[in-house]
Amino acid sequence: MNAILNIKVKILSRKEVAPNIYLMRLKAPEIAQEALPGQFIHIKCSSDNYPLLRRPLSIHRIDREKGEIYILFQVVGEGTKLLSQRIVGDDLDIMGPIGNGFNIYPESRKIVIIGGGIGVAPLLALCEESIRQGNEVRVLIGAQKKELVIGEENFRKLGAKVDVATNDGSYKYKGLVTDLLERIIKEGWLADQIFACGPKLKLKKIVEVSLDAHINCQVSLEERMACGIGACLGCVCKVKTKDKKEDKVKYEFKKVCVDGPIFEGSEVIWDD
């Protein structure tokens, strides 16, 4: 893993793209050069020391040529509320890039990308990279209702085929995004890899479907973080591991911040 930088970056633009969901563009050439799809930055949300802890936010898009990165986040607490109130021209104190990125296999040709709610945040950069590598990409977006569907047009502009599911049926398919995944598999569109980010229950179901179809699945996990750099052990998750002596499947705890946030779906233990 490359060194984690601690730098000041300037806010270039800020826009509310859906109710309580904000898109920010940051001038961050050092991060843009190093970042991989799936990694995140750790942000000091205000200009003073409140709140004390930083907030981990996925890198939404990477523009290496312009030296810019984008973050997409939802206001869910005091930290993200303060961040949403920062204005163009402000400097942000950030650390990053942190964690591992999605692993697109060289032999892959067909990719499915699944985002539930604000889980689309790390997936636009992944879609861009997948298409740059010449893959055929299908994006499945799930949301509670039409107003909370994020990024649909941006994925389309990149050249991906996009399907949307809303829980209340207010837009496109009525139902769960996992229903869309099961449908395209039944139709015979078998991906080489599936990548997903969203609520844990959705991720668990996506992994089950992918395992049944014998498709590699990687998931981006979210956990509350304190330090964000692997020191505090505040963001651990349970992951399967093999005992080499006994050839038995056991488990260990891994840190979502530096061992993740991307994990093989088949290795994650979802039931505690």
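This note goes through the barrel and the two largest pockets of a predicted model.

1. The barrel. In this predicted model, 6 strands close into a barrel, and their order around it is β1-β2-β5-β4-β3-β6, with antiparallel pairing. From one strand to the next, the twist averages 45°.

2. The pairing of β1 with β2. Strand β1, which covers residues 5-18, runs antiparallel to strand β2, residues 21-27, and the two are joined over 7 bridges. For a reader who wishes to locate this pairing in the structure, Ala-18 is a useful place to begin, with Ile-21 in β2 as its bridge partner.

3. The largest pocket: volume and centre. The largest pocket holds about 1,100 Å³ of space. Its lining is made up of 41 residues, and those that lie nearest the centre of the pocket are Pro-56, Gln-74, Val-76, Ile-118 and Glu-222.

4. The largest pocket: position and contributing elements. Because domain 1 (5-98) and domain 2 (110-221) both give residues to the lining, the largest pocket lies between them. At least two residues of this lining come from each of β4 (55-63), β5 (68-74), α2 (78-84) and β8 (136-143), and among the contributors β4 gives the most, with 4 residues. Both β4 and β5 also appear in the strand order of the barrel.

5. The largest pocket: character of the lining. By residue class, the lining of the largest pocket divides into 20 nonpolar, 14 polar and 7 charged residues.

6. The second largest pocket: volume and lining. About 260 Å³ of space lies in the second largest pocket. Its lining includes Leu-36, Pro-37, Arg-61, Ile-62, Asp-63 and Arg-64, and also Gly-101, Phe-102, Ala-125, Glu-128, Glu-129 and Arg-132. The elements that supply two or more of these residues are β4 and α3 (123-132), and α3 gives the most, with 4 residues.

7. The second largest pocket: domains and character. Domain 1 (5-98) and domain 2 (110-221) each provide at least three residues of the lining of the second largest pocket. This lining divides into 5 nonpolar, 1 polar and 6 charged residues, and among its named members are Arg-61, Asp-63, Glu-128 and Arg-132.

8. Strand β4 in both linings. A point worth following in the structure is strand β4, which takes its place in the barrel between β5 and β3 in the strand order. Strand β4 gives 4 residues to the lining of the largest pocket, and β4 also gives two or more residues to the lining of the second largest pocket.

Technical notes. Residues numbered from 1 in each chain as written. Predicted model: local features only at pLDDT ≥ 70, side-chain atom pairs only at ≥ 80, totals over all residues. Heavy atoms only, no water. 1 Å grid on protein atoms, 1.4 Å probe; cavity = no way out; pocket = protein on both sides within 12 Å on 5 of 7 lines; lining within 4 Å. Points joined across faces, edges and corners; volume = space filled by probe spheres on them. Nonpolar A, V, L, I, M, F, W, Y, C, P; charged D, E, K, R; others polar. Domains from an automatic or database assignment. Pairing = 2+ DSSP bridges. Axes fitted to C-alpha atoms, helices over the stretch in contact; angles between N-to-C directions.
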